[in-house]
Amino acid sequence: MADHVDLVLAQWSERRPDLDASPMAVMGRLKRLAQLVDTELRRNFARYDLDSPSFDVLATLRRSNAEHSLTPAGLMRSSMVTSGAITQRLDRLEARGLVRRTPSETDGRGVRVTLTEEGLQVIDAVLPAHVETEDKLLQALSGPEREALASTLRTLLESLGDRTD
């Protein structure tokens with residue numbers, strides 16, 4: 001059985017036999033996998049009138065602490081949302097009543113972002129569906145295969161500087 005990446009590798013082997021294109025076997029599959037996964041996750045989030053960055057903000061607030069509250073900088077560090085997108089994302093979520101921004105009690109210039117009750121209800125509804133979607137996307141892998149893949153990907157990410165320490 002062959003996939004699209006196998007076809008690409010065969011073509012490169014024919015056209016450039018002098019080139020070791022084997023890294024494309026991994027990178028090409030990671031890229032194609034990311035596209036397929038993103039499509040499914042977007043479809044799931046759309047059922048709740050969310051997109052991936054909005055989900056990430058709500059999920060980050062939900063899991064961060066008992067108050068479900070962070071500074072915008074803390075939110076950016078703890079989520080997968082870029083600094084350029086955070087203000088825009090917060091504006092949209094606040095307009096929908098899912099988060100609120102309040103002045104910081106400890107820093108006169110600072111702001112705290114907190115989940116509203118409605119925001120908490122939304123993320124608590126979306127999260128099980130999100131995990132179910134991810135589980136379905138991984139259904140071809142056994143438990144040990146999932147663990148091995150997660151470990152391998154962690155090693156690769158750490159080698160590229162993606163660490164929490």
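Start by selecting Leu93, which you'll find in helix α5. Keep in mind as you go that this is a predicted model. Is Leu93 buried or exposed? With a relative accessibility of 1%, Leu93 counts as buried, because the cut-off for that label is under 20%.

Now show what surrounds this residue. Skipping the neighbours within four places in sequence, Leu93 touches Ser54, Val57, Leu58, Leu98 and Val99. Pick Val57 from that group and draw a distance: the C-alpha atoms of Leu93 and Val57 sit 9.0 Å apart, while 36 residues separate the two in sequence.

**Step back to the whole chain**

Zoom out and colour by secondary structure. You should be able to count seven helices and three strands in the protein chain. Reading from the N terminus, the order of elements is α-α-α-β-α-α-β-β-α-α.

Turn the model around to get a feel for its outline. Along the principal axes, the C-alpha atoms fill a box of roughly 65 × 30 × 30 Å. The radius of gyration of the chain is 20 Å, whereas a compact globule of 165 residues would come in near 15 Å.

Switch on a surface if you like. The protein chain exposes about 11,300 Å², and carbon and sulfur atoms supply 55% of that. Of the 165 residues, 27% are buried. As for contacts between residues at least 6 apart in sequence, 51% of them join residues at least 24 apart.

**The sheet**

Next, hide everything but the strands. In what order do the three strands of the open sheet lie? The order is β1-β3-β2, and the pairing is antiparallel. β1 (69–70) and β2 (99–103) are at the edges with a single partner strand each, so each has one side with no neighbour in the sheet.

Select residues 111–115, which form β3, and look at the β2 side: these two strands pair in the antiparallel sense over five bridges. Two spots are worth a click here. Thr102 stands opposite Arg112 in β3, and Arg100 stands opposite Thr114 in β3.

Then look at the β1 side. β1 and β3 also pair in the antiparallel sense, over two bridges. Here, click on Leu70, which stands opposite Val113 in β3.

Bring helix α5 back into view by selecting residues 83–95. Helix α5 lies across β2 and β3, and runs at about 110 degrees to β2. This is the helix where the tour began, with Leu93.

**Along helix α6**

Select residues 117–137 to light up helix α6. Its 21 residues reach 31 Å from first C-alpha to last, close to the 30 Å expected at 1.5 Å a residue.

Which residues of α6 are buried? Show side chains for Gly119, Leu120, Val122, Ile123, Val126, Ala129, His130 and Thr133, and you have the buried set. To see what covers those residues, add α2 (23–46), α3 (52–64) and β3, which are included in the cover.

**Two loop residues with positive phi**

Most residues other than glycine have a negative phi. Two stops in the loops go the other way.

Select Asp49, in the loop between α2 and α3. The phi of Asp49 is near 55 degrees, a positive value in a residue that isn't glycine. Asp49 has 56% relative accessibility, so this residue counts as exposed.

Now jump to His68, in the loop between α3 and β1. His68 isn't a glycine, yet it has a positive phi of about 55 degrees. Is His68 buried or exposed? His68 is buried, because its relative accessible area is 14%.

**Last stop: helix α1**

Finish by selecting residues 4–15, helix α1, and pick out Ser13 within that stretch. At 47% relative accessibility, Ser13 counts as partly exposed. For a last distance, draw a line from Ser13 to Lys31: these residues are 18 apart along the chain, and their C-alpha atoms are separated by 20 Å.

Key
Residues numbered from 1 in each chain as written. Predicted model: local features only at pLDDT ≥ 70, side-chain atom pairs only at ≥ 80, totals over all residues. Heavy atoms only, no water. Pairing = 2+ DSSP bridges. Helix = DSSP H or I, 4+ residues; strand = E, 2+ residues; numbered from the N terminus. Contact = heavy atoms within 4.5 Å. Axes fitted to C-alpha atoms, helices over the stretch in contact; angles between N-to-C directions. Rg over C-alpha atoms; globule rule 2.2 N^0.38 Å. Buried < 20%, exposed > 50% of the residue type's maximum accessible area, 1.4 Å probe, protein only. Areas by Shrake-Rupley, 256 points an atom, 1.4 Å probe, with all protein chains shown as cover. Expected span 1.5 Å × (residues − 1).
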